[in-house]
Amino acid sequence: MELDEALRKAADLIVNASSVVAFTGAGISVESGIPDFRSSGGLWSKYDPEVYCNYSVFKQKPELFWKMAVDMQSTMAEAQPNPAHYALAELESMGYLKHVITQNVDNLHQRAGSNKVRELHGNGSTASCMVCRSKVPISEAMDQLNSGKSVPVCSRCGGVLRMDAILFGEPLQSSVMEGSLRLAMFAEVMLVIGTSLVVSPANSLVQLCKSNQGTIVICDPSPANSHLAHVMLRGNAGEVLPRLVQACKALRTKGKAQM
Ligand code: ZN
């Protein structure tokens, strides 16, 4: 199927579905300048995540995680939402997109204007005290690290601060996971963007949607998961999703003209 035809088909599905959810992964933020940590040369090839991002290691030696965080700070701080994030926010404001479920912790969906975002892996733009749970912007933790501390601490109680992103070996928040499973189960259309679908249990969301008669639209430059897709939008999300929004608008205008 040519991209134009696939876009028209996807737009038709989205405009006519009662429930559409988007499911996003690292690929959607690559165009924002955040490299996929799993890719070769990515962050995980420099810092073994089973050590530097492991929850039980963090509880013993939080300085390891924060050492890595300092290294990735400049990349994260400079990242801006890209046209793909804005396109999803626009689909939400047009009333077509019910929710974004994301594996990303970069906060870019919210910054682009999406209001309904479920973050499976938490959010790296804030940090919380391990003792009293008070929350601060991540910049506050980074300021402490940049001024020479190896572990940032809570200004209220002196407890160790942690980034609000879920670490390896740490359970996902059950309320977020359950809500996401419910969305996937009842979605008529799931728009899957920039995820390799290798991380469990997030990948089960796509299977769950599909086995409940949901239609899967995948937007990805790689054909790796095209066997799971009813409609495949091959290309970079930053180029393809704005065109999908235009295709939805065209259908809406056509629908009104016929009334
Ligand atoms: Zn505290």
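Two exercises with worked solutions follow.

The model is predicted, and local features need pLDDT of at least 70, side-chain atom pairs count only at pLDDT 80 or more, and totals for chains, interfaces and linings use all residues. Residues are numbered from 1 along each chain as its sequence is written, and side-chain values use heavy atoms, with hydrogens and water left out.

**Exercise 1.** Describe how helix 10 and helix 11 pack.

Step 1. Helices (H or I, at least four residues) and strands (E, at least two) are DSSP runs, numbered from the N terminus.

Step 2. Helix 10 covers residues 174–186 and helix 11 residues 204–211, and the two pack at an angle of about 35° with their axes 7 Å apart; axes are lines fitted to C-alpha atoms, for helices over the stretch in contact, and angles run from 0 to 180 degrees between N-to-C directions.

Step 3. Helix 10 brings Met177, Ser180, Leu181, Ala184 and Met185 to the contact, while helix 11 brings Leu205, Leu208 and Cys209, where contact means heavy atoms within 4.5 Å.

**Exercise 2.** Place strand 6 in its surroundings.

Step 1. Strand 6 spans residues 161–165, and five of its five residues are buried, that is, under 20% relative accessible area with a 1.4 Å probe and protein chains only.

Step 2. Strand 4 (residues 122–129) pairs with strand 6 in the antiparallel sense over four bridges, pairing being called when DSSP finds at least two bridges between two strands.

Step 3. Within this neighbourhood, Gly122 has Ala165 of strand 6 as its bridge partner.

Terms used:
Buried means under 20% relative accessible area, exposed over 50%, partly exposed in between (1.4 Å probe, protein chains only).
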